[in-house]
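The following exercises are to be worked with the sequence and the coordinates at hand. Each task is followed by a solution in steps.

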Amino acid sequence: MSVVETPPKDEAPRHQATVTRTQQVTPKMRRITFGGAGLSDFETSGSPDERVLVRFPLDPPHARSFTVRRWQPSKNELEIDFVLHGHGGAALWAATAQPGETVHLSTASGWFKPPAECDWLLLVADHAALPAIGRILEEAPDGLPIHVIAQVPAPSEQQTFTTRADAHYRWIDEADSLLAELAAIPLPPGEGYIWCAVEAATARRIRAHLRRTSEIPAPRMHVMGYWREDKENWERRYAVVADRIDAAMGEAMMAGKDFEAVRDAVDDAMEREGL
Ligand SMILES: Cc1cc2nc3c(=O)[nH]c(=O)nc-3n(C[C@H](O)[C@H](O)[C@H](O)COP(=O)(O)OP(=O)(O)OC[C@H]3O[C@@H](n4cnc5c(N)ncnc54)[C@H](O)[C@@H]3O)c2cc1C
């Protein structure tokens, strides 16, 4: 099981992608444009938060999830925006990648699925989710009210996106304030959809708030952990209790619970184990 987010099924390396150019979007966000014959049969999933598993040319092998910031079939160009957070293999590779270097990409799939009747969007994101926020805004319909709460490590990391929607931004600099900001927003009238992608522990707190305090119905929200703070230490602690967490998940599945209710059971088990 993935403790951050259930991965799409097809994670095989389907497309070789060659770096064609790079661009600094903000001081800590680097856009890498890929091309090459291996992308000629790339297909978008149609979802603006679509993700590919990127396999980097590193030893030992290293693969991580990234958002397709833009795919332009007419130019055979695919862009990914990488946060330069300075620790992991992906971030370090992206900081110095040069034209001619290659990675491999899986097929794309996404989670952003607002119901057909949707009067507004509320998007909650951190730095790593800004590429998805950019696409959601760029692809949103005319005049749709969209509230964005975004956390970045410095004001210089804020971005402006082109959109036909009626977008409002609230930029904050502390991840710990995300839940309070979200809780303080009066939800607009009508039926909306809430999409959230942030650090995994923060995502769990936000999801619990939306499910249990705000009682948002499952089809009207999607909350994901995009990365995990102090991951190495967390994974060591997780390994010790993995059996008990898997058992809680199995029990919820056997009871016929829906996907979000199974996630509730897993989150509760993690809380019990102090994870
Ligand atoms: C569906 C999905 C889409 C995503 N899209 C993007 C995207 O478009 N752009 C993007 O930059 N990221 C994106 N991410 C997040 C990215 O996959 C993770 O940040 C990943 O851990 C980066 O890999 P790494 O090799 O740099 O670091 P890892 O080897 O995974 O981790 C090394 C260390 O770095 C820390 N770390 C990892 N990510 C961050 C971070 N963002 N900020 C601070 N510290 C961090 C970890 O806690 C760990 O201690 C996405 C994740 C998902 C699930």
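**Exercise 1. Characterise the environment of Ile32.**

Solution. Step 1: locate the residue. Ile32 belongs to strand β2, which covers residues 29–35; the model is a predicted one.
Step 2: classify its exposure. A residue is buried if 20 or more other C-beta atoms lie within 10 Å of its own. Ile32 has 25 C-beta neighbours inside 10 Å and therefore counts as buried.
Step 3: list its partners. Once residues up to four places away in sequence are set aside, Ile32 touches Val19, Thr22, Ile80, Phe82, Ala94 and Ala97.
Step 4: take one pair in detail. Val19 and Ile32 are 13 residues apart in sequence, and their C-alpha atoms are 6.7 Å apart in space.

**Exercise 2. Describe the overall form of the protein chain and decide whether its radius of gyration agrees or disagrees with that of a compact globule.**

Solution. Step 1: count the secondary structure. The protein chain has 6 helices and 12 strands.
Step 2: determine the extents. The C-alpha trace spans about 50 × 45 × 35 Å along its principal axes.
Step 3: compare with the expectation. For 275 residues a compact globule would have a radius of gyration near 19 Å; the protein chain has 19 Å, so the two agree.
Step 4: add burial and contact range. Of the 275 residues, 32% count as buried. Among contacts between residues at least 6 apart in sequence, 66% join residues at least 24 apart.

**Exercise 3. Set out the domains and analyse the contact between domain 1 and domain 2.**

Solution. Step 1: state the bounds. The domain assignment gives domain 1 (15–105), domain 2 (120–227) and domain 3 (231–272).
Step 2: examine the pair. The centres of domain 1 and domain 2, taken over C-alpha atoms, are separated by 24 Å. Their contact takes 11 residues from domain 1 and 12 residues from domain 2.
Step 3: identify the contributing elements. On the side of domain 1 that touches domain 2, β1 (15–26) and β6 each supply at least two residues.
Step 4: divide that side by class. The side of domain 1 that touches domain 2 has 5 nonpolar, 2 polar and 4 charged residues.
Step 5: consult the record. An unreviewed UniProt entry carries the annotation "domain: FAD-binding FR-type" for residues 12–115. Over residues 12–115 the chain is 8% helix and 43% strand, with the end C-alpha atoms 30 Å apart.

**Exercise 4. Which residues surround the ligand, and which elements provide them?**

Solution. Step 1: count the shell. The ligand is surrounded by 26 residues, of which Thr67, Val83, His87, Gly88 and Ala90 are the closest.
Step 2: assign elements. Two or more residues of the shell come from each of β4 (62–67), β6 (77–83), α1 (89–96), β12 (221–227) and α5 (231–254).
Step 3: divide by class. The shell contains 10 nonpolar, 7 polar and 9 charged residues.
Step 4: relate the shell to the domains. Domain 1 (15–105) and domain 2 (120–227) each give at least three residues to the shell.

**Exercise 5. Find the backbone features at Pro60, Glu215 and Asp230.**

Solution. Step 1: inspect the peptide bonds. The bond from Asp59 to Pro60 is cis, with omega near 0°; Pro60 lies in the loop between β3 (51–56) and β4.
Step 2: inspect phi. Glu215 is not a glycine, yet its phi is positive, at about 50°. Asp230, also not a glycine, has a positive phi of about 50°.
Step 3: place both residues. Glu215 is in the loop between α4 (200–213) and β12, and Asp230 is in the loop between β12 and α5.
Step 4: classify exposure, for which the limit is 12 or fewer C-beta atoms within 10 Å. Glu215 has 7 C-beta neighbours inside 10 Å and so counts as exposed. Asp230 has 9 other C-beta atoms within 10 Å and is therefore exposed.

**Exercise 6. Is Lys113 buried or exposed, and where does Pro13 lie?**

Solution. Step 1: Lys113 is in the loop between β7 (102–105) and β8 (120–126). Because 11 other C-beta atoms lie within 10 Å, Lys113 is exposed.
Step 2: Lys113 and Arg220, 107 residues apart in sequence, have C-alpha atoms 8.7 Å apart.
Step 3: Pro13 lies in the segment before β1. With 16 C-beta neighbours inside 10 Å, Pro13 counts as partly exposed.
Step 4: neighbours within four places in sequence aside, Pro13 is in contact with Arg55, His104 and Ser106.

How values were computed:
Residues numbered from 1 in each chain as written. Predicted model: local features only at pLDDT ≥ 70, side-chain atom pairs only at ≥ 80, totals over all residues. Near = placed C-beta within 6 Å. Helix = DSSP H or I, 4+ residues; strand = E, 2+ residues; numbered from the N terminus. Nonpolar A, V, L, I, M, F, W, Y, C, P; charged D, E, K, R; others polar. Domains from an automatic or database assignment. Rg over C-alpha atoms; globule rule 2.2 N^0.38 Å. Contact = placed C-beta atoms within 7 Å. UniProt positions renumbered as here; feature names shortened; annotations may be inferred.
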